Structures are given as C-alpha cells and as structure tokens.
Amino acid sequence: MPPNTAPPIHAVHPRVNPSIVQGTLESLRRLIAVWPCDVASGDAPAAMDRLLRQLRKALRAERQRGIAGHWAYDLARHAELLAAYRTLAAAHNAANLRQQPQTKEKRPRFNTRPLPDR
C-alpha cells in the first residue's frame with residue numbers, strides 16, 4: 001500500500017482505533033453542514049443518530065446527482081461521504097451492542113392467539 005493512502009474502510013474497526021472516529025467527526029465539517037457542538041457531542045447516541053441521518057441525506061442527494069449526470073456531482077465527495085458514513089455507523093453499532101444486554105427474550109415462532117369462532 002502506498003504510504004499516503006488511507007487503509008480501506010473495512011480494514012479499520014472503530015473499537016480498535018477511536019482516533020479514526022474522532023478524525024471522521026472532524027472531517028464532517030467540510031462534508032455536511034454541522035455545528036461544532038454537534039461534532040463535539042458525537043459520542044452521545046442521539047447526536048450520533050442525528051449525524052448519521054444527515055449523512056444519509058447527503059449521500060442520497062449526491063447519489064442522485066451522479067445518476068442524473070449533474071455537473072455538480074463530485075466522485076471524491078461521494079467517496080468521502082460513504083467512508084464517513086460507514087465509519088460512524090460501525091462505531092454507533094459497536095456502541096449499541098455494548099449497551100444492550102446479551103440475552104434475548106424467547107418469542108413464539110408462530111402466532112399463538114386462538115382463532116376466532118365462527
């Protein structure tokens with residue numbers, strides 16, 4: 001791998017290197033319109049949900065520009081948006097897995113309500 005190239009996004013796990021997540025949060029300022037306080041509170045689940053929602057919206061708009069062949073479409077911006085979204089989504093999912101209990105409730109496989117009499 002060339003020295004100036006970042007590793008592929010699937011090779012970087014947020015639990016292993018939290019500085020990557022922090023760097024991604026800092027790079028959001030040039031990708032989407034976010035307030036500095038939103039980026040600073042990126043560890044909170046509600047703030048992360050809001051950031052992910054904004055990234056999804058920006059990705060959808062950029063994808064539509066690319067499909068339509070619009071002159072303002074930027075492949076590099078699209079790639080950065082996608083990388084930021086994948087990194088933050090992985091960090092958010094890892095945080096949610098740590099917070100949720102590991103035991104699941106057993107749900108009935110089929111509907112167990114009695115049928116109505118006719």
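Leu-88 counts as buried in this predicted model, because its relative accessibility is 0%, where the cut-off for buried is under 20%. Leu-88 lies in helix H4. Setting aside residues up to four places away in sequence, the neighbours touched by Leu-88 are Val-21, Thr-24, Leu-25, Leu-28, Met-48, Leu-52 and Leu-55. A further view of its surroundings comes from Leu-51: this residue is 37 positions from Leu-88 along the sequence, yet the two C-alpha atoms are 8.6 Å apart in space.

Leu-88 also belongs to a wider group. It is one of the residues that touch the most other members of the largest nonpolar core, together with Leu-25, Leu-28, Ile-32, Val-34, Leu-55 and Leu-81. This core has 18 residues. Which helices each supply at least two residues of this core? They are H1 (residues 18-31), H3 (residues 45-68) and H4 (residues 75-99). With six residues, H3 gives the most to this core.

Another of these well-connected core members is Leu-81. Leaving aside neighbours within four places in sequence, Leu-81 is in contact with Leu-31, Ile-32, Leu-55, Ala-58, Leu-59 and Glu-62. Two of these partners, Leu-31 and Glu-62, are worth following in turn.

Leu-31 is placed in helix H1. Is this residue buried or exposed? Its relative accessible area is 7%, so Leu-31 is buried. Beyond residues up to four places away in sequence, Leu-31 touches Arg-77, Glu-80, Leu-81 and Ala-84. In the case of Ala-84, 53 residues separate the pair in sequence, while their C-alpha atoms are 9.1 Å apart.

Arg-29 is also found in H1, but its setting is described by another word: at 45% relative accessibility, Arg-29 counts as partly exposed. Its contacts, not counting residues up to four places away in sequence, are with Val-34, Pro-36 and Val-39. Arg-29 and Val-39 are ten residues apart along the chain, and their C-alpha atoms are separated by 8.2 Å.

Glu-62 sits in helix H3. With a relative accessibility of 1%, Glu-62 counts as buried. What does the side chain of Glu-62 make with the side chain of Arg-77? The two side chains make a polar contact, at 2.9 Å. Apart from residues up to four places away in sequence, Glu-62 touches Ala-72, Tyr-73, Asp-74, Arg-77, His-78 and Leu-81.

His-78, one of the residues touched by Glu-62, is located in helix H4. His-78 is buried, because its relative accessible area is 15% and buried means under 20%. Besides Glu-62, His-78 touches Leu-59, Arg-63 and Tyr-73, again without counting residues up to four places away in sequence.

Helix H3 deserves a look of its own. Its buried residues are Ala-47, Met-48, Leu-51, Leu-52, Leu-55, Ala-58, Leu-59 and Glu-62. The length of H3 can be checked with simple reasoning: at 1.5 Å a residue, its 24 residues should span 34 Å, and the end C-alpha atoms are 34 Å apart, so the two values agree. Just after H3, Gly-69 takes a positive phi of about 75 degrees.

Stepping back to the whole protein chain, there are four helices and zero strands. From the N terminus on, the elements follow the order α-α-α-α. Of the 118 residues in the chain, 25% are buried. The exposed area is about 9400 Å², with carbon and sulfur atoms supplying 56% of it. Among contacts between residues at least 6 apart in sequence, 53% join residues at least 24 apart.

How confident is the prediction, and where is confidence highest and lowest? The mean pLDDT of the chain is 75, and 64% of its residues reach 70 or more. Confidence is highest in H3, at a mean of 91, and lowest in helix H2 (residues 36-40), at 72. Over residues 6-16 the pLDDT is below 50, and beyond near neighbours in sequence this stretch has 14 contacts in the model.

Methods: Residues are numbered from 1 along each chain as its sequence is written. This is a predicted model: local features need pLDDT of at least 70, side-chain atom pairs count only at pLDDT 80 or more; totals for chains, interfaces and linings use all residues. Side-chain values use heavy atoms; hydrogens and water are left out. A nonpolar core is a set of buried Ala, Val, Leu, Ile, Met, Phe, Trp, Tyr and Cys residues joined through side-chain atoms within 4.5 Å. Buried means under 20% relative accessible area, exposed over 50%, partly exposed in between (1.4 Å probe, protein chains only). Contact means heavy atoms within 4.5 Å. pLDDT is the predictor's confidence in each residue, from 0 to 100. Accessible areas come from the Shrake-Rupley method with a 1.4 Å probe; for residues, only the protein chains shown count as cover. A polar contact is a pair of N or O atoms within 3.5 Å; within protein, one must be able to donate a hydrogen and the other to accept it, and residues adjacent in sequence count only if both atoms are side-chain atoms. The expected span of a helix is 1.5 Å times one less than its number of residues.
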